[in-house]
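Please study the sequence and the model shown below before attempting the exercises. Each task is followed by a worked solution.

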Amino acid sequence: DPERVYLAGQSMGGNGAWMYAAQQPRLFAAVVPICGYVQPGLEKEVATRLARNELPVLICHSADDSVIDVSASDQMHGALVAAKASPLRYVRYDHAPPPPMSEFSDLVGHGAYELIFRDASLYAWLLRHR
């Protein structure tokens with residue numbers, strides 16, 4: 001369905017999801033940054049662009065992320081609320097596993113995608129947006 005193209009990204013890909021969605025919001029039905037971040041100082045601009053274009057946003061992060069501090073998602077959530085972005089959902093886990101690859105086992109909390117992509121409510125939320 002060409003009206004249901006969703007953008008998701010994890011970690012550095014989460015940064016890419018934020019930035020690409022802000023630059024090309026009409027290409028996507030919704031954006032899902034996971035453990036992502038926006039460069040400091042750009043939060044308000046990114047939030048304003050997303051809100052202006054009414055792009056649905058679902059933010060996902062874990063409080064115990066040892067790679068990208070959860071405050072990055074907290075700040076973007078706050079910026080989106082201030083910009084009156086809607087629809088907006090924030091899934092903030094207390095704990096997430098590390099990525100499943102053994103070489104990344106020390107990245108505690110950075111595997112929030114393991115939780116969100118197994119959550120049926122994500123797909124129900126996405127399918128509400130075109």
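The exercises below concern a predicted model and treat helix packing, backbone geometry and a pocket.

**Exercise 1.** Determine how helix H1 and helix H2 are oriented towards each other, and state which residues make their contact.

*Solution.*
Step 1. Two packed helices are described by the angle between their axes and the distance between the axes.
Step 2. Helix H1 covers residues 12-23 and helix H2 covers residues 43-52; their axes cross at roughly 50 degrees and come within 9 Å.
Step 3. Angles under 35 degrees count as roughly parallel, and those from 65 to 115 as roughly perpendicular. The crossing of H1 and H2 is therefore oblique.
Step 4. The crossing in which H1 passes H2 is left-handed.
Step 5. On the side of H1, the contact is formed by Trp18, Met19, Ala21, Ala22 and Gln23, and on the side of H2 by Val46, Arg49 and Leu50.
Step 6. Sorted by class, this contact of H1 with H2 comprises six nonpolar residues, one polar and one charged.

**Exercise 2.** Carry out the analysis for H2 and helix H3, and give the handedness of their crossing.

*Solution.*
Step 1. Helix H3 spans residues 71-82, and its axis lies 8 Å from that of H2, at an angle of about 50 degrees.
Step 2. H2 and H3 are therefore oblique to each other.
Step 3. H2 passes H3 with a right-handed crossing.
Step 4. H2 contributes Glu43, Val46, Ala47 and Leu50 to the contact, while H3 contributes Gln75, Met76, Ala79 and Leu80.
Step 5. The classes in the contact of H2 with H3 are six nonpolar, one polar and one charged.

**Exercise 3.** Locate serine 11 and proline 87, and describe the backbone feature found at each.

*Solution.*
Step 1. Serine 11 belongs to the loop between strand E1 (6-10) and H1. Although serine 11 is not a glycine, its phi is positive, at about 60 degrees.
Step 2. Proline 87 is placed in the loop between H3 and strand E4 (88-93). The peptide bond joining serine 86 and proline 87 is cis, with omega about 0 degrees.

**Exercise 4.** Describe the largest pocket by its volume and its lining.

*Solution.*
Step 1. The volume of the largest pocket is about 160 Å³.
Step 2. Its lining consists of 15 residues, and those nearest the centre of the pocket are Pro25, Arg26, Phe28, Ala29 and Arg130.
Step 3. The lining of the largest pocket divides into eight nonpolar, two polar and five charged residues.

Key
Residues are numbered from 1 along each chain as its sequence is written. This is a predicted model: local features need pLDDT of at least 70, side-chain atom pairs count only at pLDDT 80 or more; totals for chains, interfaces and linings use all residues. Side-chain values use heavy atoms; hydrogens and water are left out. On a 1 Å grid over the protein atoms alone, a cavity is a set of points where a 1.4 Å probe fits but cannot get out, and a pocket is an open set with protein on both sides within 12 Å along at least five of seven lines; lining residues have an atom within 4 Å of a point. Grid points are joined across faces, edges and corners, and a volume is the space filled by probe spheres set on the points. Ala, Val, Leu, Ile, Met, Phe, Trp, Tyr, Cys and Pro count as nonpolar, Asp, Glu, Lys and Arg as charged, and the others, Gly among them, as polar. Axes are lines fitted to C-alpha atoms, for helices over the stretch in contact, and angles run from 0 to 180 degrees between N-to-C directions. Helices (H or I, at least four residues) and strands (E, at least two) are DSSP runs, numbered from the N terminus. Angles under 35 degrees count as roughly parallel, over 145 as roughly antiparallel, 65 to 115 as roughly perpendicular and the rest as oblique. A crossing is left-handed if the near helix is turned anticlockwise from the far one by less than a right angle, and right-handed if clockwise. Contact means heavy atoms within 4.5 Å.
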